[in-house]
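Student: I am new to this kind of model, and I would like to learn how to read its features one at a time. Could we go through them slowly together?

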Amino acid sequence: MKILVPVKRAIDYNVKVRVKSDQSGVDLANTKMAINPFCEIAVEEAVRLREQGIASEIVVVSIGDKACQEQIRTALALGADRGLHIETEQSLESLQIAKLLQKVVEAEQPQLVILGKQSIDSDNNQTGQMLAALCGLPQGTFASKVEISGDKVKVTREVDGGLQTVSLTLPAVVTTDLRLNEPRYASLPNIMKAKRKPLDVKAAADFGVELTSKVKLLKVEAPAQRQGGVKVADVAELVAKLKNEAKVI
Amino acid sequence: MAILVYVEHDNAHLKAENLKLVDAATKMGSELHLLVAGYQCQDVAQQAATLAGVSKVLVADDAAYEHQLAENIGELVTELGRDYSHILAAATTTGKNFMPRVAALLDVAQISDIIKVESADTFVRPIYAGNAIATVQSEDAIKVITVRTSAFDAVEQSGSAVVEAISLSKENSLSAFVGAELTKSERPELTAARVVISGGRGMQNGDNFKLLEGIADKLGAAIGASRAAVDAGFVPNDMQVGQTGKIVAPELYIAVGISGAIQHLAGMKDSKFIVAINKDEEAPIFQIADYGLVGDLFQILPELEASL
């Protein structure tokens with residue numbers, strides 16, 4: 001079975017975020033970028049399914065400017081078979097991304113699409129669900145366990161009250177949560193091999209999808225900084241402050 | 001045009017988030033309709049009808065909606081939502097699950113996790129785990145929005161809206177509910193509690209979380225955890241507070257044995273008062289805590305419990 005894994009290039013999760021002084025956005029110049037952590041978990045899950053003999057081919061797709069080919073190569077080094085780069089200089093919103101991915105799903109006909117549940121930059125948590133709806137597919141979001149048997153996939157989902165399990169008929173869309181797996185590190189030989197794996201490039205404009213969003217970004221600001229308070233000497237002083245000063249107990 | 005608000009419930013009880021969700025909706029317009037979709041959920045509808053500012057409660061009571069499957073709820077809300085200017089849901093795992101389907105089917109953007117309403121079309125939302133705050137304006141005809149309820153105030157339960165049944169069954173053959181393992185607790189829910197006490201890696205193991213329970217009982221607090229404590233297997237995932245867990249803003253947040261990773265701070269830094277208990281006086285949590293106590297939590301916690 002074929003698995004499609006869309007991945008996003010995002011700021012490295014260790015990097016401190018700086019807001020631009022003109023409030024136009026976050027300063028990404030000379031910033032370390034990486035494959036979005038949830039997307040990396042998606043790649044890992046696909047690779048594990050192939051190692052179990054369930055998947056036969058893993059296709060990785062990324063949408064963005066030329067630089068996101070780096071993240072496709074990373075996914076190829078982790079074990080994906082071929083890459084597709086949909087090139088655009090425009091910054092796209094989830095709905096536009098989902099529409100482009102819908103075209104890829106129509107062309108590639110994967111049995112399973114695995115994506116990260118959200119990216120750590122825009123924090124939207126939308127693309128997988130939108131893609132599923134556009135393709136008329138069932139979805140298993142925030143997955144902490146994925147089990148395939150026959151034409152079904154059983155997905156254990158992390159929900160607010162605990163865990164929920166759903167059974168989906170393939171083809172289906174799964175989005176990953178943090179505890180689904182721990183991604184491996186790419187070995188040097190695999191990094192070298194990834195350079196020779198096929199990577200197609202297509203222009204986003206050629207897909208016949210309206211790429212402009214109706215949501216305008218007006219400004220981006222730094223959050224209000226919380227001021228640290230005082231250190232207390234012992235429990236008695238803490239309880240006294242909470243009672244008399246904060247008046248919360 | 002009116003605003004449609006999706007009610008969060010467990011078929012028996014109205015969740016506390018809805019009171020704050022309705023507060024967010026009242027800032028966008030005046031005519032509010034609630035949608036209660038579930039199975040044998042008439043009690044929820046009656047409770048929802050008391051929320052101040054609501055004129056109508058629509059009830060879709062059907063076995064297809066019992067487990068809030070995104071495929072079914074998505075179709076239902078899409079069909080009903082076409083006649084509204086805004087569709088709102090709480091940014092819970094239920095809302096996050098089906099709302100993007102609604103947005104896609106209506107061919108509009110979704111605006112996720114708003115923390116402030118500037119006007120009927122302009123909203124404020126955190127990005128980069130709360131390290132930046134974006135203001136966005138939507139020109140879509142229907143605004144599909146999820147709300148971070150901890151950023152809003154609860155409305156009164158003083159209203160008496162009309163309750164109207166809807167017979168619209170949206171079943172699908174591709175997804176089915178298998179089971180759920182829900183944590184049973186007598187304590188308040190994390191996102192609704194007035195006081196939250198959370199443990200981190202410093203708790204050392206799951207058994208030691210019992211040290212938090214006595215304090216939680218005395219304060220009427222919910223118990224949370226950092227991602228490190230969840231990843232280490234001390235406690236289940238639904239207790240996680242942070243960027244990828246629950247976002248809380250209680251009156252009092254007590255962080256015990258939590259160093260204060262940025263992802264954890266993203267989930268609790270809007271609490272009114274923060275107490276940090278940690279043996280490492282350099283821990284970043286002290287930079288945002290109102291009251292910091294440096295010391296061994298295994299000595300401090302029993303002492304704290306005894307003095308409450």
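Student: How far apart are the end C-alpha atoms of residues 3-181 of chain B, and how much of the span is helix and how much strand?

Tutor: Bear in mind that this is a predicted model. In it, the C-alpha atoms at the two ends of residues 3-181 of chain B lie 34 Å apart, and the span is 24% helix and 35% strand. UniProt, in an unreviewed entry, lists these residues as "domain: Electron transfer flavoprotein alpha/beta-subunit N-terminal". The UniProt record places a feature with that name, also from an unreviewed entry, at residues 23-211 of chain A, where the end C-alpha atoms are 24 Å apart and the span is 30% helix and 31% strand.

Student: How many helices and strands are there in chain A?

Tutor: Chain A has 6 helices and 13 strands, and its C-alpha trace spans about 65 × 45 × 40 Å along the principal axes. Of its 249 residues, 54% count as buried.

Student: What span should helix 1 of chain A have, given its 15 residues?

Tutor: The general idea is to count 1.5 Å a residue, so that helix 1 (residues 37-51) of chain A should span 21 Å, and its end C-alpha atoms are indeed 21 Å apart, which agrees. Among the buried residues of this helix are A:F38, A:I41, A:V43 and A:L49, and just after the helix A:G53 takes a positive phi of about 80°.

Student: Is B:I111 buried or exposed?

Tutor: Buried means under 20% relative accessible area, and B:I111 counts as buried because its relative accessibility is 4%. This residue lies in strand 5 (residues 110-114) of chain B. Leaving aside neighbours within four places in sequence, the contacts of B:I111 include A:Q126 and A:V215 in chain A, as well as B:F123, B:V136 and B:I145 in chain B.

Student: At what angle do helix 4 of chain A and helix 4 of chain B pack?

Tutor: Helix 4 (residues 127-135) of chain A packs against helix 4 (residues 93-106) of chain B at an angle of about 50°, with the axes 8 Å apart. That angle makes the two helices oblique to each other, and their crossing is right-handed.

Student: Which residues meet there?

Tutor: From helix 4 of chain A, the residues A:Q129, A:M130, A:A132, A:A133 and A:L134 take part, and they meet residues of helix 4 of chain B that include B:K96, B:P100, B:R101 and B:L105.

How values were computed
Residues numbered from 1 in each chain as written. Chains lettered and ligands numbered in written order. Predicted model: local features only at pLDDT ≥ 70, side-chain atom pairs only at ≥ 80, totals over all residues. Heavy atoms only, no water. UniProt positions renumbered as here; feature names shortened; annotations may be inferred. Helix = DSSP H or I, 4+ residues; strand = E, 2+ residues; numbered from the N terminus. Expected span 1.5 Å × (residues − 1). Buried < 20%, exposed > 50% of the residue type's maximum accessible area, 1.4 Å probe, protein only. Contact = heavy atoms within 4.5 Å. Axes fitted to C-alpha atoms, helices over the stretch in contact; angles between N-to-C directions. Parallel < 35°, antiparallel > 145°, perpendicular 65-115°, else oblique. Left-handed = near helix turned anticlockwise from the far one by under 90°.
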